[in-house]
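I opened this model to look up its sheet, its cores and one glutamine. My notes follow.

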Amino acid sequence: MRLGNMLKEEYIIESLSAGTKEEAIDELLNLLSKNSPRMNIDVVRGLIFEREEIENTSYGHGFAFPHARTDEVDDLIVILGVSKNGLRGKTPDNIPVSVVVILLTPSHISKLYLQTLSALATFARNENNLELMKSTKSADEVIDVIWKSAVRVEKELTAKDLMRRNIATVTPDDSLKHVANMMFKNRLSAMAVVDKDNNLLGQITDKDLIRAALPDYKTLIDNLNYSFEVEPFEELLKQEDKIKVSQLHTTDHETTTLNTRLVEVAALMIFKDLRRVFVVAEGKLVGVLLRKDIVNMIIRG
């Protein structure tokens, strides 16, 4: 089914008057209230903003996808608004939000909700679509832009639907200092190791960094009174520019493909107690699936 089929003209504002995303959400909920006067909009609004407090739903590329699961609705509802000048507020990539799409769904059709959210993200990643949306002059033109994009709501979620595409990577020749800085800057517990052609070679984790400082950790565990001649972490810091990723990284990692079903990846994570699975295409790194993202998206919504 095409994404365009999910939209109705009566749930579209082609020119928002709002100045912020919060105001845009209220403007779109007012439209919903007019079309569904029996719905408790205050309950819906509370759930949406509760979700916003947990995590900002600004996706990037000029799009935001506020959403909530609520029994105030009997079926999936998509409400869309376009801001011609962009909205004030923080975004992941510093591109102002110009398209706000609210998704409301009852708990019993969460699968369709996730698939629709994935399709919207696919639509947003095409840079041309933002300008096309901003150039529309009516609700039917908005639907037409989305229809012509040919983006589909797929039957099953796959790795490409949930994977992270912007991945911080390192090469075998990078230093320990560079790795530590990148991990701190990006709040990461591991990084993919790639060659100059972006072929996946392995990974380096925070555990690997600690192990570099404590090569005799087994002795330490066996004897907690074990005394080091020098402070191990201080000694590691002295060598951080000289120690290379090639000395520390491992090839102990799991990979999957773009079209692997998400349930299969999740099962693999449980079976092998994995925090992450790298997504590759012809050996080249194209994404990473994190266990916490599966929890955030599917369990928490």
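How many bridges join β10 to β11, and do they run parallel or antiparallel? I found 2 bridges, and the two strands run parallel. Strands here are DSSP runs (E, at least two residues), helices likewise (H or I, at least four), numbered from the N terminus. Two strands pair if DSSP finds at least two bridges between them.

I noted that this is a predicted model: local features need pLDDT of at least 70, side-chain atom pairs count only at pLDDT 80 or more, and totals for chains, interfaces and linings use all residues. Residues are numbered from 1 along each chain as its sequence is written, and side-chain values use heavy atoms, with hydrogens and water left out.

I followed the sheet further. It is open, has 3 strands in the order β10-β11-β12, and its pairing is mixed. Its edge strands are β10 (255–256) and β12 (284–290), each pairing on one side only. T256 stands opposite V279 in β11.

Next I looked up the largest nonpolar core (buried Ala, Val, Leu, Ile, Met, Phe, Trp, Tyr and Cys joined through side-chain atoms within 4.5 Å). It holds 41 residues, and L3 and F123 are among those touching the most other members. Helix α3 gives the largest share, 7 residues.

Then I checked Q115, which lies in helix α3. Q115 is buried, at 7% relative accessible area; buried means under 20% (1.4 Å probe, protein chains only). Its side chain reaches the backbone oxygen of E154 at 3.1 Å.

Technical notes. Buried means under 20% relative accessible area, exposed over 50%, partly exposed in between (1.4 Å probe, protein chains only). A polar contact is a pair of N or O atoms within 3.5 Å; within protein, one must be able to donate a hydrogen and the other to accept it, and residues adjacent in sequence count only if both atoms are side-chain atoms.
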